Amino acid sequence: MSTHSPVAVITGGGGALGSALALQAARRGYRVAILDRSESAGEACCQALLEAGAECFWMAVDVRRERDLNQAVTRVLRRWGQLDLWINNAGIATAGPFEALSSDDWQQQLDVNLLGTVHGCRAAATAMARQGNGQLVNIAAAAGLFPSPGLSAYNSVSAALIALSETLQAELSPLGIRVSVACPTFFQSPFMTSVRASDPLSRQRFMRLAEQHQYSAEEVAERLFKELDGRRFLLLPHRDHRRLWWLKRLSPKRFRAAMRDRAQRLRHPPLR
């Protein structure tokens, strides 16, 4: 592979969506660095990329530790000399009624999803600013645009990621760095089974939400890259959510009424 091939880094790269994003990047000619806490997941993703003919490596990284991400950037630059695309994909989900979520539940969301993304953006932007170019992609969730009852911590942090991305889009543009935020909804993935839930019923509700969507991680990743090809800021890989986004903006009262109805069912589920 040419030494001039672009370089992509993906946090949480060993997970379902991270692995799918890595494969899509490889198919587009990127050399790929996989960052993940799990040795088995990171190695499995890297092996799949190697079998597909891609140049790659994986590195053990905990996004809660900014030092890990700085070291990852250093290693990427030493190996390949450039950094073109950085995808902040690492994240966790938390479900449960607001009053049932603990301070630890909220802190986990902040540490992994929000501060982990901040650490990744800061490490990548420093290198990209020296180059004068680069692309940051933050994976938030549709929950940040359409907050659903029973997911207060997850919704709030997803919304914060969207606001962070909007801010960075403006601040980093003079440095030649483009910023996008992706807001996928649920998809078929082992990630959905690892949700932190305050109680078994909340876990069951979360799983039912996930099962309603037939998208695979591979389909979501492919659509995200197609959206990136169009140089969009807000990436909505699920087409129905683009329509819902406009409906919420044009008719906020209808949206809030629908969410109140959903909250009523959450508090007082129908008898079976």
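# Briefing: parallel sheet and helix packing

In β7, Arg178 is the bridge partner of Gln135. This pairing belongs to a predicted model of a protein with nine helices and nine strands. Of its 272 residues, 51% count as buried. Among contacts in the protein with a separation of 6 or more, 69% are between residues 24 or more positions apart.

**The sheet as a whole**

- Seven strands form an open sheet with parallel pairing, in the order β3-β2-β1-β4-β6-β7-β9.
- The edges are occupied by β3 (56-60) and β9, each of which has a single partner strand, so one side of each is left without a neighbour in the sheet.
- Helix α2 (residues 39-51) lies across β2 (31-36) and β3, and its direction is at about 175° to that of β3.

**Strand β6 and its neighbours**

- Strand β6 is largely enclosed by the rest of the structure, because six of its six residues are buried.
- Gly134, Leu136 and Asn138 point one way from β6, while Gln135, Val137 and Ile139 point the other way; all are buried.
- Strand β4 (residues 85-88) runs parallel to β6 and is joined to it by four bridges.
- One of the residue pairs between these strands is formed by Asn88 and its bridge partner in β6, Asn138.
- Strand β6 (residues 134-139) also runs parallel to β7, to which it is joined by six bridges.
- Opposite Val137 in β7 stands Ser180, and opposite Asn138 stands Val181.

**Strand β7 and the edge strand β9**

- Strand β7 (residues 177-182) is mostly covered, with five of its six residues buried.
- Two bridges link β7 to strand β9 (residues 234-235), and these two strands run parallel.
- Val181 has Leu234 as its bridge partner in β9; Val181 is also the β7 residue that stands opposite Asn138.

**The β6-α5-β7 unit**

- A right-handed β-α-β unit is made by β6, helix α5 (residues 152-172) and β7.
- The two strands of this unit are themselves paired, with six bridges joining β6 to β7.

**Packing of α4 against α5**

- The axes of helix α4 (residues 103-131) and α5 come within 9 Å of each other and cross at roughly 15°.
- That angle makes α4 roughly parallel to α5, and the crossing of the two helices is right-handed.
- On the α4 side, the residues that meet α5 are Trp106, Gln109, Leu110, Asn113, Leu114, Thr117, Val118, Cys121 and Ala125.
- On the α5 side, they are met by Ser152, Ala153, Tyr154, Ser156, Val157, Ala160, Leu161, Leu164, Leu168 and Leu172.

**Packing of α3 against α4**

- Helix α3 (residues 66-80) packs with α4 at an angle of about 30°, and the axes are 9 Å apart.
- Angles under 35 degrees count as roughly parallel, and α3 and α4 are therefore roughly parallel to each other.
- The crossing in which α3 passes α4 is right-handed.
- From α3, the contact is made by Glu66, Leu69, Asn70, Val73 and Leu77.
- From α4, Gly116, His119, Gly120, Arg122, Ala123, Ala124, Ala127, Arg130 and Gln131 take part in this contact with α3.

**A backbone feature ahead of β9**

- Arg231 is placed in the loop between α7 (217-229) and β9.
- The phi angle of Arg231 is near 60°, a positive value in a residue other than glycine.
- Arg231 is exposed, with a relative accessible area of 59%.

Terms used. Residues are numbered from 1 along each chain as its sequence is written. This is a predicted model: local features need pLDDT of at least 70, side-chain atom pairs count only at pLDDT 80 or more; totals for chains, interfaces and linings use all residues. Side-chain values use heavy atoms; hydrogens and water are left out. Buried means under 20% relative accessible area, exposed over 50%, partly exposed in between (1.4 Å probe, protein chains only). Two strands pair if DSSP finds at least two bridges between them. A crossover is right-handed if, with the strands pointing away from the viewer, the path from the first strand over the helix to the second runs clockwise. Axes are lines fitted to C-alpha atoms, for helices over the stretch in contact, and angles run from 0 to 180 degrees between N-to-C directions. Angles under 35 degrees count as roughly parallel, over 145 as roughly antiparallel, 65 to 115 as roughly perpendicular and the rest as oblique. A crossing is left-handed if the near helix is turned anticlockwise from the far one by less than a right angle, and right-handed if clockwise. Contact means heavy atoms within 4.5 Å.
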